[in-house]
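Colleague: I should like to learn how such a model is read, feature by feature. May we go through it together?

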There are 2 protein chains.
Amino acid sequence: MKKNCIVGQSGGPTAAINASLAGVYTGAKACGAPHVYGMRYGIEGLLAGNTVDLDAVFGAENGEGERSIALLRRTPSSFLGSCRCKLPAQDAADAAATYDAVFARLESLDIGAFFYIGGNDSMDTIDKLSRWGARINSSIRFVGVPKTIDNDLAMTDHTPGYGSAAKFIAASISEMLCDATVYEVPSVTVVEIMGRDAGWLAGAAALAGAAGGPAPDLVLLPEAPFDEAAFLARLRALLAEKNGLLVAVSEGVRTADGTLLCEMADSGVQQDAFGHRAFLSGAGSWLSGRIREALGCKSRAVELSILQRCASHLASAADLAQAERAGFAAAQAADSGESGCMIAFTREMDADGAPVFGTKTVPIAKVANAVRSVPRAWITPDGMNVTQEFIGYALPLIQGELDAFWENGVPQHLHL
Amino acid sequence: MKKNCIVGQSGGPTAAINASLAGVYTGAKACGAPHVYGMRYGIEGLLAGNTVDLDAVFGAENGEGERSIALLRRTPSSFLGSCRCKLPAQDAADAAATYDAVFARLESLDIGAFFYIGGNDSMDTIDKLSRWGARINSSIRFVGVPKTIDNDLAMTDHTPGYGSAAKFIAASISEMLCDATVYEVPSVTVVEIMGRDAGWLAGAAALAGAAGGPAPDLVLLPEAPFDEAAFLARLRALLAEKNGLLVAVSEGVRTADGTLLCEMADSGVQQDAFGHRAFLSGAGSWLSGRIREALGCKSRAVELSILQRCASHLASAADLAQAERAGFAAAQAADSGESGCMIAFTREMDADGAPVFGTKTVPIAKVANAVRSVPRAWITPDGMNVTQEFIGYALPLIQGELDAFWENGVPQHLHL
């Protein structure tokens, strides 16, 4: 790669997005890029001229590069900052002004390849930039690196960031199950888990049992319509057998007519720039209130909130390694001339039935703005748990631990 | 010790209470106790005849004891189960019936020493039992082992359970600080932390900066009355300088007239059997709403909820070691004839200014039902942060990590 590269991070933070940044950086350098720039706050920073030279940031010239990269892997959230910016449609009135500004910035930095690490909306950005680039005969290559804790990107076996969030969820719920059963009184702990439209994260609650201990009693996913009568009847039957139940519920669970539980909770649903409901909250506390009313037992709601996307100290080593590999593969893809694509993961089984993961590139247009749901067959017929197929799928993604760099009893992170 | 021992756990769970159970068990065995019994669900289980022989539970005779104890140390919450049971006053009408039943159970198991691991209310139980024992000339010894994440027990430098909760809070906030600053827009993340009457836990948020990274911008404790105008003015000034603020707030924060923020949130305040407000919630979301209204910026509330008391995977090794030591010391104290006392921690400084912790016994009557607050001098004059003295006090308590026993990517725990 004779020209420079630029990389940005976009959308919600994860514990693995910085491992992908490490992968893009080391991959681009390995491919010979003279400079690798970072956009501060995604495409918004690029438009504002807010970029940094990553060699300087990581102290590569001072021999600090290796330590910086190791710390970057252990740093949650988006090291470069993020944004939720939607580029205009190609035929919008303001399209030319925006795209011309982007390409002028890229030309001024002598950029040959542009990498964007993110989810659905970030892939929409890659899609639009690569199409505009083709229209103006730009030689700049645009490659997407997948990232989302939601695991709902199309065309890939899984998405980096999911495994670490899933590990946090599984480990925390295994601990909360010890807490939930501590008093000899009937009670239901309801744990609310992220996942706007897909139940991959909520399903990870079932992995809590993977070490041989208990698992949640019920797991509710957006893919299976919520039936209040059936749900309460099921809890009643379970409470006849034991105290201290635990229910995992996705923030995106809805009834058959599409009403979100959190809408019933009247807790406010905020929209982001993409018209998505950006901030759902309240499904757990609504359920918990219904349980107290209908069953007359103790119930408490716990929201895992942003902890599930930023708990680097509990990241999955497998996830971080794959996140970094995706970044490296993106640099290689651009170097070999690919553009308008995203790095995706494949999964094959070896002779022992163990999964072997690979990477490939997929056309970005097939990824942008699509959503991959949990297959109905991976949810139990009653809609209140996941099957062994789900567990077999998710378990390899939460394997391994990467020790934090502890100082004074607190994990260290890399800050820009 | 020629007679048997019995041990119970009471009150809210912590990540360290099982290390104290390990200490009592190994201490009692080291002192020669033929049997060590465990009460299921505290004193309520004892009254119901629900006890277990811990040699059998830990598999000590099968050579599994060491592994069981190692796993017990890594298991959060109360392994034996817990209760919130208040024994009657000595002069109450039902007193004799209750106390006679307790002592009859103890005599039937040939108990020489009774250990109760818990907080204020559990020490009230030890106080009442030892006084009743004296009244009936019982030879049974009653010793309390301190436990509470709140760190508010009197007569001791600190309380086991606090260090692990404080480490979880500090580490999680160091990660949330990465998340809170990710977008280039003014925003305030409000993190609600447990601590009914004392701000030790909320103050631990300030330890997030101990590894050299950022710390919360403001830390609000129950000990400093909340002044809304001053608080909002301070945030306004901070937002003029930077985006992405983080405020840590104790669930017990109140205004000068004693009104809890969570009462203003109208989120329901439940009382427990001791007449305490057992379940405060909503201070963070109330503050967050006020910030949005008054400052017009993004704000989100995060409740650390029960995670802060059960996150064993992030326990402080120093805390677990001290919790176990307190249990062992309790067995030794009973063996040497002490009763009606609690194990307390002392702190002295060595020649290098490093803290050296010791244990001693303190009269239980001085502990029961008292509360130890954060000294006003350890809170900044404006009441919105803690001082270096607080940090110097708390930091030694969060040192060290104890690796979980991982299996299939999830921590293992010991279940009864």
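Colleague: Is Leu153(A) buried or exposed?

Modeller: One reads this from the relative accessible area, for which a value under 20% counts as buried. This is a predicted model, and in it Leu153(A) has a relative accessible area of 0%, so Leu153(A) is buried. The residue belongs to the loop between β5 (141-146) and α7 (162-180) of chain A.

Colleague: With which residues is Leu153(A) in contact, leaving aside its neighbours within four places in sequence?

Modeller: The list comprises Gly118(A), Gly119(A), Asn120(A), Pro146(A), Lys147(A), Thr148(A), Thr159(A), Met342(A), Val367(A) and Arg372(A). As for the backbone, the C-alpha atoms of Leu153(A) and Gly118(A) are separated by 9.9 Å, with their places 35 residues apart along the chain.

Colleague: Where is His158(A) found, and is His158(A) buried or exposed?

Modeller: His158(A) is also in the loop between β5 and α7 of chain A. Its relative accessibility is 2%, and His158(A) therefore counts as buried. Beyond its neighbours within four places in sequence, His158(A) is in contact with Asn151(A), Gln322(A), Phe345(A), Phe357(A), Arg372(A), Tyr393(A) and Leu397(A). Arg372(A) thus appears among the contacts of both Leu153(A) and His158(A). From C-alpha to C-alpha, His158(A) and Lys86(A) are 24 Å apart in space, and they are 72 residues apart in sequence.

Colleague: Let us turn to acidic side chains. Is Asp55(A) buried or exposed?

Modeller: The same reading of accessible area applies. Asp55(A) has a relative accessible area of 8% and is buried. Its place is helix α3 (residues 54-57) of chain A. Once neighbours within four places in sequence are set aside, its contacts are Tyr25(A), Lys29(A), Pro34(A), Val36(A), Ala60(A) and Glu61(A).

Colleague: Which element holds Asp127(A)?

Modeller: Asp127(A) lies in helix α6 (residues 120-135) of chain A. With a relative accessible area of 9%, Asp127(A) is buried. Its contacts, again without neighbours within four places in sequence, are Ile364(A), Ala365(A) and Ala368(A).

Colleague: How many aromatic pairs are found over all chains?

Modeller: A search of the whole structure gives 26 aromatic pairs. To classify a pair, one takes the angle between the ring planes: under 30 degrees is stacked, and over 60 is edge-to-face. For Trp200(A) and Phe390(A), the centres are 6.0 Å apart and the planes lie at 25°, so this pair is stacked. The pair links distant parts of the chain, 190 residues apart: Trp200(A) is in helix α8 (residues 200-203) and Phe390(A) in helix α14 (residues 388-394), both of chain A. Trp200(A) and Phe390(A) are both buried.

Colleague: How are the planes of Trp378(A) and Phe390(A) set?

Modeller: They stand at 90°, with ring centres 6.5 Å apart, so the pair is edge-to-face. Trp378(A) is in the loop between β13 (355-363) and α14 of chain A, 12 residues from Phe390(A). At 21% relative accessibility, Trp378(A) counts as partly exposed, whereas Phe390(A) is buried at 0%. Elsewhere, Phe103(A), Phe114(A), Tyr116(A) and Phe142(A) form one aromatic cluster.

Colleague: Which rings have a lysine over them?

Modeller: Here one reads the distance from the charged end to the ring centre. Lys167(A) lies over the face of Trp406(B), at 4.6 Å from the ring centre. The charged end of Lys167(B) sits over the ring of Trp406(A), at 4.5 Å from its centre.

Colleague: How many cavities of 30 Å³ or more are found?

Modeller: A search of the whole structure finds 2. One reads a cavity by its volume and its lining. The largest holds about 60 Å³ of space, and its lining divides into 5 nonpolar, 4 polar and 3 charged residues. Among the lining residues are Arg74(A), His313(A), Asp403(A) and Glu175(B). The second largest holds about 40 Å³, with Glu175(A), Arg74(B), His313(B) and Asp403(B) among its lining residues. That lining divides into 3 nonpolar, 3 polar and 3 charged residues.

Colleague: What is the volume of the second largest pocket?

Modeller: The volume is about 440 Å³. Of its 22 lining residues, Arg40(A), His415(A), Leu416(A), Leu177(B) and Thr181(B) lie nearest its centre. The lining divides into 11 nonpolar, 8 polar and 3 charged residues.

How values were computed. Residues are numbered from 1 along each chain as its sequence is written. Chains are lettered from A and ligands numbered from 1 in the order in which they are written. This is a predicted model: local features need pLDDT of at least 70, side-chain atom pairs count only at pLDDT 80 or more; totals for chains, interfaces and linings use all residues. Side-chain values use heavy atoms; hydrogens and water are left out. Helices (H or I, at least four residues) and strands (E, at least two) are DSSP runs, numbered from the N terminus. Buried means under 20% relative accessible area, exposed over 50%, partly exposed in between (1.4 Å probe, protein chains only). A charge sits over a ring if NZ of Lys or CZ of Arg is within 6 Å of the ring centre and within 35 degrees of the ring normal. On a 1 Å grid over the protein atoms alone, a cavity is a set of points where a 1.4 Å probe fits but cannot get out, and a pocket is an open set with protein on both sides within 12 Å along at least five of seven lines; lining residues have an atom within 4 Å of a point. Grid points are joined across faces, edges and corners, and a volume is the space filled by probe spheres set on the points. Ala, Val, Leu, Ile, Met, Phe, Trp, Tyr, Cys and Pro count as nonpolar, Asp, Glu, Lys and Arg as charged, and the others, Gly among them, as polar. Contact means heavy atoms within 4.5 Å.
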